[in-house]
Amino acid sequence: VPEAFGLIAIVSVLISGFTLFTDFGIARSIMREPDGDTDRFLRAAWLVKISRGAMIASGVLVSALLLWIFGPAYAPPGTVYADPVLPGLIAVSALMPLILGFESTARELTARRMLIQYTAALEIVSRACAILAMICFAWINPTVWALLAGMLTGPLVKTIGTHVFLPGPRMAFVWDKDIADRLWQYGKWLMGSSIFVFFANSADKFILGSFLDAAALGLFVIASIWIEAGAMVIARLSDQVGFPAISEVLRNRPKDAPRLYRKFQSVIDAICISGFLVMHFGGQTFINLLYTPTYQEAGSYLAILSVRFLALRYNGLNGLLMNLGNS
């Protein structure tokens with residue numbers, strides 16, 4: 001039912017917020033630092049990554065506790081925040097950042113070395129397991145908890161896979177103050193920009209949650225899911241193809257960087273314009289084909305939200321600036 005998507009959207013936005021507020025570019029540092037592929041750097045970065053995951057999980061748990069205590073008295077009646085199920089969902093979802101914190105930094109190493117086939121295969125397997133978990137859980141208990149089951153299964157499979165299947169050193173707890181300082185010096189500015197990214201991408205759901213019930217918010221979220229799917233394609237191309245490619249060129253043959261950047265940007269522009277045209281003019285048909293009549297209103301939202309594709313072209317410029325060290 002639409003209500004389930006409204007509830008899970010708030011959970012996702014909360015985790016996304018804490019994730020972005022603590023984002024200081026560990027993956028990008030591994031890709032651009034000259035010694036980012038050494039065992040010591042990767043293990044030291046892994047310890048920092050685990051600490052960050054624990055910090056995010058703690059923030060999510062505190063949010064669940066505050067909502068459970070103050071929600072009944074202060075949340076507008078009939079809105080998502082007044083739903084008694086939401087605090088429990090948020091509390092259980094704290095497992096997700098905790099699990100992802102233990103991801104091996106071999107994942108970032110494969111990106112640095114442009115071994116995209118490994119990360120792509122792992123991504124497909126983890127997504128497939130997440131969908132299978134959702135279907136099985138929904139078969140037994142068709143509630144919002146089925147969506148959360150998938151949200152937890154995917155990261156668990158991916159985290160295990162980074163340790164078992166990806167090429168790279170075996171992880172161990174290594175503390176190196178110099179490496180930690182370098183990660184912080186490069187990434188501290190990213191935390192500031194990430195706060196703006198969070199509000200740009202997710203403030204709508206937080207605000208609408210104060211005015212809409214879970215069903216109405218769910219229709220808006222259905223449209224957002226498809227826009228975010230397109231945005232994820234562009235982000236993956238920028239982060240896993242464009243960023244490491246430009247990193248390699250800047251390290252070894254910097255004179256070729258402008259030509260490579262222009263070539264990559266032209267591909268991203270074509271994808272962004274195509275995404276906008278398809279979703280703006282064909283969004284309603286898309287929703288009509290995939291969903292029951294209950295969800296048809298989402299088509300109108302899809303046409304409006306499609307404008308976001310036109311701004312996504314700047315992801316490549318973002319990656320270029322960070323590759324140059326200008327975080």
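**Figure 1. The aromatic pair of Phe-102 and Trp-46 in the predicted model.** Phe-102 is partly exposed, with a relative accessible area of 35%. This residue belongs to the loop between α5 (95-101) and α6 (106-112), whereas its partner Trp-46 belongs to helix α3; the two are 56 residues apart, and the pair links distant parts of the chain. The ring centres lie 6.3 Å from each other and the planes meet at 75 degrees, an edge-to-face arrangement. Trp-46 is buried, its relative accessible area being 7%.

**Figure 2. The aromatic pair of Phe-21 and Phe-199.** A pair of aromatic rings is described by the distance of the centres and the angle of the planes. By the pairing rule, the count in this model is eleven aromatic pairs. For Phe-21 and Phe-199, the centres are 6.4 Å apart and the planes stand at 45 degrees, so the pair is classed as tilted. Phe-21 is part of helix α1 (residues 2-21) and Phe-199 is part of helix α9 (residues 177-208), so their contact ties together parts that are 178 residues apart in sequence. Both rings belong to partly exposed residues: the relative accessibility is 31% for Phe-21 and 47% for Phe-199. Ring pairs also join Phe-21, Phe-198, Phe-199 and Phe-206 into a cluster.

**Figure 3. Arginine side chains over aromatic rings.** The charged end of Arg-28 is placed over the ring of Phe-243, at 5.9 Å from the ring centre. In a second case, the charged end of Arg-313 sits over the ring of Tyr-314, and the distance to the ring centre is 5.0 Å.

**Figure 4. A nonpolar surface patch that includes Leu-66.** The patch covers about 790 Å² and is made by Val-62, Leu-65, Leu-66, Trp-68, Ile-69, Phe-70 and Tyr-74. Leu-66 is located in helix α3 (residues 39-74). With a relative accessible area of 43%, Leu-66 is partly exposed. This value satisfies the requirement of over 30% for residues of a patch.

**Figure 5. The salt bridge of Arg-112 and Asp-37.** In the whole structure, 19 salt bridges are found. In the one shown here, the side chains of Arg-112 and Asp-37 meet at 3.9 Å, N to O. Arg-112 is in helix α6 and Asp-37 is in the loop between α2 and α3, so the bridge ties together parts that are 75 residues apart in sequence. Arg-112 is buried at 9% relative accessibility, while Asp-37 is partly exposed at 29%.

**Figure 6. The salt bridge of Lys-205 and Glu-228, and a network around Glu-33.** Between Lys-205 and Glu-228, the closest N and O atoms are 3.0 Å apart. Lys-205 lies in helix α9 and Glu-228 in helix α10 (residues 214-252), so this pair connects parts that are 23 residues apart in sequence. Lys-205 is buried, with a relative accessible area of 5%; Glu-228, at 33%, counts as partly exposed. Elsewhere, salt bridges with shared partners join Arg-32, Glu-33, Asp-35, Asp-178 and Arg-182 into one network. Within this network, the side chains of Glu-33 and Arg-32 form a salt bridge of 3.8 Å, N to O. Glu-33 counts as buried, at 12% relative accessibility.

**Figure 7. Polar contacts of two buried residues, Lys-49 and Ser-306.** Lys-49 is placed in helix α3 and is buried at 9% relative accessibility. Its side chain makes a polar contact of 2.9 Å with the side chain of Glu-108. Ser-306 is found in the loop between α12 (298-305) and α13 (308-311). The relative accessibility of Ser-306 is 0%, and the residue counts as buried. The side chains of Ser-306 and His-280 make a polar contact at 3.3 Å.

**Figure 8. The surroundings of Ser-29 and the backbone at Met-114.** Ser-29 is a residue of helix α2 (residues 26-32) and is buried, with a relative accessible area of 1%. Ser-29 and Phe-41 are separated by 9.9 Å in space, C-alpha to C-alpha, and are twelve residues apart in sequence. Met-114 is in the loop between α6 and α7 (116-140). Although Met-114 is not a glycine, its phi is positive, at about 60 degrees. At 32% relative accessibility, Met-114 is partly exposed.

Methods: Residues are numbered from 1 along each chain as its sequence is written. This is a predicted model: local features need pLDDT of at least 70, side-chain atom pairs count only at pLDDT 80 or more; totals for chains, interfaces and linings use all residues. Side-chain values use heavy atoms; hydrogens and water are left out. Patches are made of residues with over 30% relative accessible area and no salt bridge: like charges are joined within 9 Å, nonpolar side chains (Val, Leu, Ile, Met, Phe, Trp, Tyr) within 5 Å. Accessible areas come from the Shrake-Rupley method with a 1.4 Å probe; for residues, only the protein chains shown count as cover. A salt bridge is a side-chain nitrogen of Lys or Arg within 4 Å of a carboxyl oxygen of Asp or Glu. Helices (H or I, at least four residues) and strands (E, at least two) are DSSP runs, numbered from the N terminus. Buried means under 20% relative accessible area, exposed over 50%, partly exposed in between (1.4 Å probe, protein chains only). Rings of Phe, Tyr and Trp (its six-membered ring) pair if their centres lie within 6.5 Å; planes under 30 degrees apart count as stacked, over 60 as edge-to-face and the rest as tilted. A charge sits over a ring if NZ of Lys or CZ of Arg is within 6 Å of the ring centre and within 35 degrees of the ring normal. A polar contact is a pair of N or O atoms within 3.5 Å; within protein, one must be able to donate a hydrogen and the other to accept it, and residues adjacent in sequence count only if both atoms are side-chain atoms.
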